[in-house]
Amino acid sequence: MEPPDHLDCLIVGGGPVGMLAGYWLRSKGFKVAIYERQAVPYALPRAVMFDHESRRIFDSAGLGARILPVIQDLAETRSFAWRDAAGDVITAMEWKQAQSGYQAAMGFSQPELEHILRDAIDDSGCPVVRSQDLESLIPHGDGMKATFKPWRSAGTPPPSGSNGQSADEERITVTASFVLGCDGANSTVRDLMGFNVIDLGFHYDWLVIDLLLKDKGLPPRMDAIFCSQICDPARPTTLAMSGNGRHRLEFMRLPGETHDELKAKAKTLAAEWGVTEEYATIERVAIYTFRARWAEVPVSGRVILAGDAAHQLPPFIGQGLNAGFRDISALVWRLELIRDGMATSKILESFAHERAFHVKEVIELCILLGQPICETDPEKSAFFHKMLRQTPSRPPALQRLGVPAEGLYQDHPAAGYLSLQRQIKAGDGTALFDTVFGFGWVLVTFNAEPVLEASDAAFFEGPLRGRIAKLDRATDSTGEYEAYFSGIGAEVALVRPDFYVFAVGGASECGALIQLARSMLSQ
């Protein structure tokens, strides 16, 4: 196989995170290719929870309409609850409309999402090279050189070559300005580059049973619970929506129980929840081990980690894959600025800090919520139940992107947080903010006329490709924008392409905010 020409970005790993990155970068004119070890996509479910921020991210990438058929909304009457063994609610998260204008939690089937991403990749022209195993990764000029060898599953003999190895001519060498490692929890990119990983030691084995539902829907016992964490020390259990026509049951492996023993109980455990051939077909039975760990600094020179290669999260609020989508959303616009000469690769230091800090905060929240679920000691379990009952039901708090000194945003209490999106008045009806004003850098004003010098406006609307979104009481159909700006004591907010607030201030300070962005981007 002929080696490809030099790439702007080489993506190692063709899962959903790698495919999102490949499609998005390609749509922005990058020369990019995806190299994947596996010969064919994995056809069975894995991740099942899609959150509001990911929904907005896919809108920004131009894929929002494509994914609609595979997204399962949580009914307004439902919540995500922590329950005791009797099924009584200990506490619940009322995940309805979230910060991004969508429901906080939605179900999906990963194979269906990946099929959509593969179609998008094909449409974009981004090459996907399968059955290639990364062998080496070394610096090469201002970029990196990667060498791949053919990947063969266990038991497949290699072609003739010295010492039983693949013949040298079968190896592929690829050079790229940047390498993005999206190659999963057992990342070769991470290992070859020696990234330091912080592991909090919070890990348990769980049996996953994925169900394909029949016309009758969920068995009554499951329907009454729907999506819940059952904090039962005798058998910790999870029920989760997993896309249209699907549902998931999970059971934790108990102390002293072997993997084989647990797997052999799959049908019996499912039957206890009313699963029979009348209601569902079992699509998949597997045991997985969740972990709580992340790359301390997910950037090393021109090599960047994303998705499970950069972090593995406990599953209790469904943030594992969503964190990977956030990685790509935070990265694409930075790479675009580097390519366009508006920033140097130093801007990736802020990416590394923000993403590692954010993931750490989410992991710690997952552990806090996961400990009551995984506890098998009845006395300790009762203590956790008491603690949770004293916790008011509410959505998870917004997480900030680290600290201003190391992040890419203003040193202000309102900066560094996910921005608000709501329906606003448009024409004869209403539409989401992004639908009206589009994506990228946005200067949002409320009941104020932005004051901008010509040079600042030229930079913002020219090289930065920003836009101004003027809101007022007439367009604020929910009243939440007025409440937001009143609460932070500002009239304007400069929002980054990944929807995080860069800076806030008064209408007369618009020029200063844009100058701050220009200064920080060029450092």
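Here are two short exercises, with solutions, on a predicted model.

**Exercise 1: a small sheet**

Work out in which order the three strands of the open sheet stand, and which of them stand at the edges.

*Solution.* Start with the order, which reads β12-β18-β21, with antiparallel pairing. Now look for strands that have just a single partner: these are β12 (197-199) and β21 (311-312), so each has one side left without a neighbour in the sheet.

Next, zoom in on one pair. Strand β18, residues 293-295, is joined to β21 by two bridges, again in the antiparallel sense. Across from Arg-293 you'll find Gln-312 of β21.

Last, see what packs on this sheet. That's helix α10, residues 347-374, which touches both β18 and β21. The direction of α10 makes about 175° with that of β18.

**Exercise 2: two helices crossing**

Describe how helix α13 crosses helix α15, then find which residues meet there.

*Solution.* Two packed helices are described by the angle between their axes and the distance between those axes. Here α13 covers residues 454-461 and α15 covers residues 510-521. Their axes come within 10 Å of each other and cross at roughly 50°. That angle is why α13 counts as oblique to α15. As for handedness, the crossing of α13 past α15 is left-handed.

Now for the residues. From α13 come Asp-456, Phe-459 and Phe-460, and they meet Gly-511, Ile-514, Gln-515 and Arg-518 of α15. Sort the residues of this contact by class and you get three nonpolar, two polar and two charged.

Technical notes. Residues numbered from 1 in each chain as written. Predicted model: local features only at pLDDT ≥ 70, side-chain atom pairs only at ≥ 80, totals over all residues. Heavy atoms only, no water. Pairing = 2+ DSSP bridges. Helix = DSSP H or I, 4+ residues; strand = E, 2+ residues; numbered from the N terminus. Contact = heavy atoms within 4.5 Å. Axes fitted to C-alpha atoms, helices over the stretch in contact; angles between N-to-C directions. Parallel < 35°, antiparallel > 145°, perpendicular 65-115°, else oblique. Left-handed = near helix turned anticlockwise from the far one by under 90°. Nonpolar A, V, L, I, M, F, W, Y, C, P; charged D, E, K, R; others polar.
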